[in-house]
Amino acid sequence: MPTILTHTAVPISLWIAFGKKRIPFQLLLLGIAFCVLPDADVIAFKLGIPYEHDLGHRGLSHSILFAFSLSILAYVLTRKFQVKARVLIPFLFFSILSHGLLDAMTSGGLGVGFLIPYSSERFFFDYRPIRVSPIGIKNFLTARGLVVLKSEFFFVWIPLFAASFAILLIRLLWGKKK
């Protein structure tokens, strides 16, 4: 899995690309919470649920159905923020779904259960440049942790922020033409 820091790159880059008028700061914070939420499934290990089980790590909490359902629920519960459904739902959906997408680009684990509960099949992308992060801060503060951060920087942070700033620039230039 990528580090918790790298999972936040997706909602942050969307916020940069589309601006605080479309994605208010409170929604950004919710998106950040959503993008790290799927890894709460590590509780399954403590409950004796094996990794490969649908409720195990990278299972249901990484699925498309979970991302969609939670995004709809968040919209219902946060209507007071005055953010339109056409902004809030896709932003939160992509924030949480991005967790599984990034996990599917890692070099280890059992894959991601995108289709749970309809199928227990686990998926990886053919292109998997992100090194799996060691679990625990003690294990992370090693040479291996540095290798993980380097892979995330080059294969997640740089591309996402390059795309974000390109979109921002296009928006700014488009706005001047009007």
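**Helix 6, the core and two loop residues**

Biologist: Which residues of helix 6 are buried?

Modeller: Keep in mind that this is a predicted model. A residue goes on the list if its relative accessible area is under 20%. For helix 6 that gives Leu-88, Ile-89, Phe-91, Leu-92, Ser-95, Ile-96, Leu-97, Ser-98, His-99, Gly-100, Leu-102 and Asp-103.

Biologist: And where does helix 6 bend?

Modeller: Its span gives little hint: 19 residues cover 27 Å from the first C-alpha to the last, close to the 27 Å expected. The axes do show a bend of about 30°, and the residue there is Leu-97.

Biologist: Which helix gives the most to the largest nonpolar core?

Modeller: That core has 26 residues, with Leu-27, Phe-34, Leu-88, Phe-91, Leu-92 and Leu-102 making the most contacts inside it. Helices 2, 3, 5, 6 and 8 each supply at least two of its residues. With seven residues, the top contributor is helix 6.

Biologist: Let's pick Phe-34 from that core. What does Phe-34 touch, beyond four places away in sequence?

Modeller: Phe-34 is among the residues with the most contacts inside the core. Setting aside residues up to four places away, its partners are Leu-70, Ser-71, Ala-74, Leu-92, Ser-95 and Ile-96.

Biologist: Now a loop residue: is Ser-61 buried or exposed?

Modeller: Ser-61 sits in the loop between helix 4 and helix 5. Pro-38, Asp-41 and Phe-66 touch it, not counting residues up to four places away in sequence. Because its relative accessible area is 14% and the cut-off is under 20%, Ser-61 is buried.

Biologist: Which backbone oxygen lies 2.9 Å from a polar atom of the Ser-61 side chain?

Modeller: One polar contact of the Ser-61 side chain is with the side chain of His-62, at 3.1 Å. The backbone oxygen at 2.9 Å belongs to Pro-38.

Biologist: What about Phe-124: buried, partly exposed or exposed?

Modeller: Phe-124 is in the loop between helix 6 and helix 7. Leaving aside neighbours within four places, its contacts include Arg-58, Asp-103 and Leu-110. Since its relative accessible area is 27%, between the 20% and 50% cut-offs, Phe-124 is partly exposed.

Biologist: Last one: which element has the lowest mean pLDDT?

Modeller: The chain as a whole has a mean pLDDT of 89, and 93% of its residues reach 70 or more. Where pLDDT is low, the predicted coordinates should not be read in detail. Helix 3 has the highest mean, 95, while the lowest, 66, belongs to helix 7.

Notes
Residues are numbered from 1 along each chain as its sequence is written. This is a predicted model: local features need pLDDT of at least 70, side-chain atom pairs count only at pLDDT 80 or more; totals for chains, interfaces and linings use all residues. Side-chain values use heavy atoms; hydrogens and water are left out. A nonpolar core is a set of buried Ala, Val, Leu, Ile, Met, Phe, Trp, Tyr and Cys residues joined through side-chain atoms within 4.5 Å. Buried means under 20% relative accessible area, exposed over 50%, partly exposed in between (1.4 Å probe, protein chains only). Helices (H or I, at least four residues) and strands (E, at least two) are DSSP runs, numbered from the N terminus. Contact means heavy atoms within 4.5 Å. A polar contact is a pair of N or O atoms within 3.5 Å; within protein, one must be able to donate a hydrogen and the other to accept it, and residues adjacent in sequence count only if both atoms are side-chain atoms. pLDDT is the predictor's confidence in each residue, from 0 to 100. The expected span of a helix is 1.5 Å times one less than its number of residues. The bend at a residue is the angle between axes fitted to the seven residues ending there and the seven starting there.
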